[in-house]
Structures are given as structure tokens and as C-alpha cells.
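This explanation goes through one structure step by step. Keep the sequence and the 3D view at hand while reading.

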Amino acid sequence: MLLRNLFAGAILLLLSFNSYGQYNTLHIPDTLSGTTFNLNIRDTFVQFRPGNQTITAGINGAFWGPTLFLNKGDSVYMNVHNFHNDTTTLHWHGMHLPAVMDGGPHQTIPPGTIWQPYWKVTNNAATFWYHPHLHMKTEEQLAAGLGGFIIIRDAVEAALPLPRTYGVDDLPLVLTSRSFDASNAFIHVSPYGDYMLVNGTMNPQVSLPKQYVRLRILNAELERGYNLGFSDNRTFYVIGNDGGLLDAPVPVTRVKLLVGERVEILVNLGSDAIGSGVDLEAFNAGMPFGFPGSEPSTTGAFGSLLNNINFPILHINVAAATAGAITALPAVLVTNTYLTAADATVTRTLNVTDGTPGGPGGPGTPFYFDHTPFALATINKTVDLNTVEMWSVTNNNVFGHSFHIHDIQFKILSRSSGPVNSYESGWKDTYYLGVNETVTFVAKFSDYADDIHPFMYHCHMAPHEDGGLMGQFVVKDATGVATTKQPGDFTIYPNPANNRVYVLLADPAMQVYYITITNAVGRTMYMLPRPQLAGGIDVSNFAPGVYLMQLTDEQTKKTIVKRFVKE
Ligand code: C2O
Ligand code: CU
């Protein structure tokens, strides 16, 4: 009897150790800033739990990548080097940039290849992120740990009395969960993990100063939604949505954050005693069916130990205030001029359906837009450049979704289920689309026309997106004159080359849309969208041999291939 009680006690101890018994210090991702960013994607491993390490994938690290600080107005240059053993892509979620730089499913980066997109940062100060977007492999690659934050700064935000000391009073928090098998490998029996990870840390705690702190929270789950709040139900203040700051802080006690969404909040720890604690918590118990993670099962296809319960996300220990602490809530933030329904000249509807024409959908059938599975070669919508459009997305299906569209930030005009939540009243690129709900938004499609490379719209729940709940649109410049020009000729010099090759265009006015360099066996070495050619192309790391350079003309989109030799 005694022995049995002891045994039961030991199991209880073990359980509490495994759940919340012991905190780990919250990992704060490293930062990169400037205008040139080197991102190296690798297979790697992490010691998440006692025992074996877990095989993961990381960018410049082991799980999750560095936070990139970009300044609005800068031109930024990315060197994305894929050392991973699989093809991937890297998408700059929320960013307004040319489609050819977007990193969607079309900009595949084969193993060993360098992809060099660049763009001028025009987005306002806000929290964005980057992640893989390879069709049918997004879930797998996101699950392995690929992704990272992007924080954009601008002069307007910099002038506001807001916390902005990274890792001290301004924290990025990426929320996700994973399950492990007996040997500590990630398992994905269900898209809902059993264990919460914040910035890749299990059971995390952090010391935060006794003052206003800013949390930039990203839901980078595979599928789960979070109904966020604090363990003492305190009021906190939403200051920013996906694409920028709100006009003024919005007081709330709960915020729903679906996959892909970001929210910036201010939390006042100024009245908390030093040494006291409070938890950021998921209040997911009792969420209605359709909210991802509300499923009651703990095991099986959609099961998880975290399903339909409240659970702690991050334990906060209150520490002494810092010098220069923010101790007051700003009354106003920025002046946004939002688009309205009256600005729209085009309206579109989109329906989440199942795969059967007219079918009702149901558990186990894939989700599609308008009964059409995603196809890489099909352009589903064409948007005229500079048009303001109003999109209504309706979900009469059995489950909720997280709708996201590339290229733009939009304003949510209405929710058929009730008023638009005050915490989602700013610039958005992703939102929760509940069961039997229509959400209408308005946006302007400006700056980047490209008939060839599309942008995506899709559900951001990785299994849904991989399963075909995705479509694509091109932004077309209707005023552009059709051209009959032939692709321009070019010469490569020096040839043979040693460290750099230069491209001499026969027509100096010609614009290069794309350069791809492959080696003699057809392996892609470089993918250079709209390359800047004046400085030449660095081939110093190429093995000696013959290479092919394929150049695509911007106007005609025709290609010419030339060969060169690396000595
Ligand atoms: Cu976060 Cu289409 O992506
Ligand atoms: Cu979905």
C-alpha cells in the first residue's frame, strides 16, 4: 500500500515536472540589422527535453531564426542560402514587395542554392515574419522550426513614447506547440502539439521590469488558435495589428490570435510587486467548435493535451524598473487613413468549400476555395494595378480558418457574426474566419505589377494550405503597352572567369527580370530576381567547370541562355 502511494506520488511529481514544475528561461532570438542579411537554412537539432536531442531545422541557428530589424525606406538585400537537405522557399509575410521577391511557392530554392531577393521597405513599423512556403511542404518545414521575426521601424513609431528595448521591455513571442515521440523526435499525429513552445522554449519564464512592457506576439502554429489573456484577467492594451500601429491603444482582456496573425500589446507591470508573477495564458477552454484547438480529444488525428483547456504560455516574473522606463500609456499613437467600402471599384467573393461541386464539406474532406484545389499553374484572379478592391470571404464549411493574402495590408470592414473586434481594427493581412461567417475587407493593390509571378491568398493553417485551400492572383498593369521586342542579347565577361562575372547587355536599356545560374549537371546555384548587375556576380565559391546563365527579359519574359567557364 505504502509502496503504491509512493509510486503514485512519484508519477505525480514526474507529471508536474513535465508540465509546469520547472521553468526555463525564455529564449530571445538573436537580431540582425542593416541592409544586407545572410540567412542560412540548415538541418540541425535542439535539446528540448532530457534524453535525445530533437532534429529540427533552423535559420542561422537551431530552431526559429534571427529577428531582422528593417528600417522603412531602406533597400534591403537578402542572401538566402539553402543548406537544408530539401528544396524550400522563404516568404516575407506581410511585406509589400514585388511578387518575384515574395518567396511564395514559385520562388523555390533547391538545396545548395542562393536566392537573392531585395526590395525597398515601404511597410510601416510593425511586426512581420518570414517562413517557408513550399507547396505541400509548408507544414513539414514550419514544424521543423524554420521561420523568424521581422521588425520594421520607422520615424513615426520612433517618436512615440513606447517601449522599444529589444529583449528588455520589448519582446518578440512566437507561439507554437509540438509533440514528441519516445526518442524525442517531433511527431505530427495531429497538427496540435502537446507542449507549448515560446521562442522555442518549453515552460518558459522571463523577468520583465516593473513598467509598461511591449509584447509582439505571433501565432506561428501549424493550426491552433490562441485566446490570449493574463492569469489575473488584467486589462492590457493592443497597440498594433499585423501591418502597423493603431490610432490609439485599445483596452482588452482577451485577444484571439490565429495562425499567421501578430498583435502588439502593452502590459502595465508598474503596479505589480517586485518578485510577483503573472502568466500570459491561453484561455482556450470552451471555445466553440471550429476554433482550432477547441477539439476535445487529447489523442488521435486532431488531439492534443492542450486542446480545449486553459494553459499558461509564459510566466512573467516582475523585476525592478529600468532607467528610462515607460510608465504611462500613450493616449494616441498614429493617424491612420483607412480605406472604406466607398473607395472600392471592384468587389469579389470567395467561398471556403470542400472539393465536391456544391458539396456540403465535412470532416476528412479537404478545404478549397470555390471547389477549386490550388494549382501552381492556375492564376485564379487578376487584379488591375492601383485598384481598390473589396473582398468578401465566406466560410459555410464545418471548421474555422485563418485567411491571409500576400502583397497588401487591408482594413476589415465587416464580420457577419457581429462587430469587427476592436483589437483587429487596424491594418491586417490575416484574420480569423469563423464557421458560417463572411468577413469583408478593402485594400489597394499598388506599386508592383507582374503578369508572370503571382501572389497567394490562403488559409494559414498549414494542413489546410498544404491541402489546397490556396489561390493566386497577379497584379496587372493594364496601361502597360504590349511589346513585341525580342529578348536582349548579352555577353558574359571575363569568360573564363575567376571570382566575378559581369553581364554586358546589348541593349543597355534592357531590364533583367531574372538570372538563374546552373552548373553542368543542371543544379541551380543562384536565383537572382531583378539582379543589380553593375558590381558583377560573385562566383568565387563555384567549383571550376562549365555553367549556364539563363537571363529573362523584364519586358518580354523571354529567356536566353549563355555559357561560361569558372577557372
Ligand atoms: Cu505567412 Cu502565404 O504566408
Ligand atoms: Cu483553414
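The side chains of Asp451 and Lys476 form a salt bridge, with 4.0 Å from N to O. The pair links distant parts of the chain, since Asp451 sits in strand S34 (residues 450-459) and Lys476 in strand S35 (residues 470-476), 25 residues apart. The model shown here is a predicted one.

Are the two partners buried or exposed, or something in between? Asp451 has a relative accessibility of 45% and counts as partly exposed, because that value falls between the limits of 20% and 50%. Lys476, with a relative accessible area of 36%, is partly exposed as well. As a general point, side chains of opposite charge can pair when their charged atoms come close.

How many salt bridges does the model hold? The count comes to 20 salt bridges. One of them joins Arg214 to Glu264, whose closest N and O atoms are 2.9 Å apart. Arg214 belongs to strand S17 (residues 212-219) and Glu264 to strand S22 (residues 262-268), so this pair ties together parts of the chain that are 50 residues apart in sequence. Arg214 is buried, with a relative accessible area of 1%, and Glu264 is buried too, at 2%.

Another salt bridge is formed by Arg415 and Glu437, with 3.1 Å between the closest N and O atoms. Here Arg415 lies in strand S30 (residues 410-415) and Glu437 in strand S33 (residues 437-445), so the pair ties together parts that are 22 residues apart in sequence. Arg415 counts as buried at 8% relative accessibility, and Glu437 counts as buried at 5%. Both values fall on the buried side because the cut-off for that class is under 20%.

Arg214 and Glu264 also have a place in a wider arrangement. Salt bridges with shared partners join Glu157, Arg164, Asp170, Arg214, Arg216 and Glu264 into one network.

The next stop is the metal site. Which protein atoms are donors to the copper ion (ligand 2)? They are ND1 of His401, SG of Cys459 and ND1 of His464, and they lie 2.0 Å from the ion. Along the chain, the donors of this copper ion follow the spacing H-x57-C-x4-H. His401 is in strand S29 (residues 401-405) and His464 is in helix H4 (residues 462-466); the two are 63 residues apart, and the pair links distant parts of the chain. His401 counts as buried at 2% relative accessibility, and His464 counts as buried at 8%.

The last stop is a sheet. Which order do the strands of the open five-stranded sheet follow? The order is S2-S5-S11-S10-S7, and the pairing is mixed. At the edges are strand S2 (31-33) and strand S7 (91-93), each of which pairs on one side only. From one strand to the next, the twist averages 25 degrees.

At one of these edges, S7 pairs with strand S10 (residues 126-131) in the antiparallel sense, over three bridges. Within that pairing, His93 has Trp129 of S10 as its bridge partner.

To look back, the tour began with a salt bridge between two partly exposed residues, Asp451 and Lys476. It then passed the buried pair of Arg214 and Glu264, followed by the copper ion with His401, Cys459 and His464 as its protein donors, and ended at the open sheet of five strands.

Key: Residues numbered from 1 in each chain as written. Chains lettered and ligands numbered in written order. Predicted model: local features only at pLDDT ≥ 70, side-chain atom pairs only at ≥ 80, totals over all residues. Heavy atoms only, no water. Donors = N, O, S within 2.8 Å, 3.2 Å for Na, K, Ca; no water. Helix = DSSP H or I, 4+ residues; strand = E, 2+ residues; numbered from the N terminus. Buried < 20%, exposed > 50% of the residue type's maximum accessible area, 1.4 Å probe, protein only. Pairing = 2+ DSSP bridges. Axes fitted to C-alpha atoms, helices over the stretch in contact; angles between N-to-C directions.
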